[in-house]
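Q: Please take a close look at one part of this structure. I would like to know how its helices pack.

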Amino acid sequence: MKRLALLILLALAGETFADEIITIYNRDQADIDALQRDLEALKQNVASNPAIDSLLEQAGEIAQMNNRCSSIDLTQELDPACGHFYTVDLPEFEAKYLQITGEARLNAITVETEMNKREEQIHACTDALLSIAIPKEQLIILNGSFTAEPLPGNKFDITYHYDMKWNKDLAENMMKRARRWVETCHQVVHRQGSTELAPLFTNRLDSINNVLSSSKNVMYKLDKSTQSMYLVPASKPKGFYMFNGSKIFSYWDKRDNAETSPLLVNLYSLDVDSPILDAEDTYKSFDGRATFNSRPKDGLYGRWSWEKDPTDWAKVGYISSAALAGTSIILGIVFHAQATSIGDKAPKNESEYKKNLDDIKSKQTLRNVFYGIGAVALAASVTLFVLDF
């Protein structure tokens, strides 16, 4: 399932190659469904809130439009209405969702300190983290340009340059919500009268991470020794760029430590930081040239897509190869034992002696075959294990 797709629509008028770039965030329908479920649950748990009711109504319209637009094939040009939806309507809705749900959850917190009320406070503060986390993929902007050159035989090529940059405005917005959360919740998530984190908070955070990792490909990592909490991808994002149906470059982000996190919160010092705000504007560039066998009739179009879990193929391959290696070696041992057992038996006559020789040879052949398969599978599993890390 794709977490996110960054589409770039490049219009073509007649034979003239245009370089207008429209950035679009194409959301998976499951993400929109998760937002609707969250709003439904929030409506049941907080006081009457017209803003929540309005968001729920708008979420239905957003889901319908996203379902229509997300069905557009990678090789098809985007409908202008969908372009407006992805560049204007959807980002505005998600911004309202994060703000309104975050405020609603924090406003539900009271100053009462009875045990049952305190448990509710801890749950409310931890649940509010859902409205803060933004996946790294959504914080990345791809900007660039290209030049097109006609070639003989109705072919053409493009020379391109694209830069990956941080969406620092979105990161700053996330930091503001995190600061508000710290101001409201820093005492709630600690033991009363202590600097130690509340056990209910750390336990509840695991549940929040399960929700975030399955719906947004993001989670909070907590270092209890320093009380540092920071965002990391649930699975390392890997993406590729398709231009007129052909893949021309890709990127795999393997960084998931505190220094490269979009958001870093220290629950002891109460500091909130976003290391990416201090990073260089451009952290990855793509330069190259690609050749195409036929000139387009309807324009040039491309799409940047994030895969859900680029390491799945390696993990599955590693597990499958390791299992095959183990099974094959065991079978090889079994056939070796059978051959030995036959050889240990004294034949009653010459006919049985010849039959035993044939059986031993057959068992030894099978033994060698399975040993060979096991050796190849073991080598493959080791290779895939190395690639996965």
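A: What follows is a walk through the helix packing, then a short look at a sheet and a loop residue. The model is predicted.

Two packed helices are described by the angle between their axes and the distance between the axes.

Start with helix 1, residues 29-45, and helix 2, residues 50-69. They pack at an angle of about 165 degrees. Their axes lie 10 Å apart. Angles over 145 degrees count as roughly antiparallel, so helix 1 is roughly antiparallel to helix 2. The crossing of this pair is left-handed.

Now the residues. Helix 1 brings Q29, I32, Q36, L39, E40, L42 and K43 to the contact. Helix 2 answers with I52, D53, L55, L56, A59, G60, I62, A63, N66 and N67. By class, this contact of helix 1 with helix 2 has 9 nonpolar, 5 polar and 3 charged residues.

Helix 2 also packs on helix 3, residues 80-107. Here the angle is about 150 degrees, and the axes are 10 Å apart. That makes helix 2 roughly antiparallel to helix 3. This crossing, too, is left-handed.

From helix 2, the contact uses A51, I52, L55, Q58, A59, I62, M65, N66, R68 and C69. From helix 3 come A81, C82, F85, Y86, D89, L90, F93, K96, Y97, I100 and A104. The residues of the contact of helix 2 with helix 3 divide into 16 nonpolar, 2 polar and 3 charged.

Some helix 2 residues serve in both contacts. I52, L55, A59, I62 and N66 are among those that meet helix 1, and they are also among those that meet helix 3.

Next, the sheet. Three strands form an open sheet in the order 5-6-13, with antiparallel pairing. Strand 5 (140-151) and strand 13 (282-292) stand at the edges. Each has a single partner strand, so one side of each is left without a neighbour in the sheet. Neighbouring strands are turned by 10 degrees against each other on average, direction ignored.

Strand 5 pairs with strand 6, residues 155-166, in the antiparallel sense over 12 bridges. One detail: A148 has I158 in strand 6 as its bridge partner.

Last, the loop residue. S274 sits in the loop between strand 12 (272-273) and strand 13. S274 is buried, with a relative accessible area of 0%. Leaving aside residues up to four places away in sequence, S274 touches A171, M175 and P262.

Methods
Residues are numbered from 1 along each chain as its sequence is written. This is a predicted model: local features need pLDDT of at least 70, side-chain atom pairs count only at pLDDT 80 or more; totals for chains, interfaces and linings use all residues. Side-chain values use heavy atoms; hydrogens and water are left out. Axes are lines fitted to C-alpha atoms, for helices over the stretch in contact, and angles run from 0 to 180 degrees between N-to-C directions. Helices (H or I, at least four residues) and strands (E, at least two) are DSSP runs, numbered from the N terminus. Angles under 35 degrees count as roughly parallel, over 145 as roughly antiparallel, 65 to 115 as roughly perpendicular and the rest as oblique. A crossing is left-handed if the near helix is turned anticlockwise from the far one by less than a right angle, and right-handed if clockwise. Contact means heavy atoms within 4.5 Å. Ala, Val, Leu, Ile, Met, Phe, Trp, Tyr, Cys and Pro count as nonpolar, Asp, Glu, Lys and Arg as charged, and the others, Gly among them, as polar. Two strands pair if DSSP finds at least two bridges between them. Buried means under 20% relative accessible area, exposed over 50%, partly exposed in between (1.4 Å probe, protein chains only).
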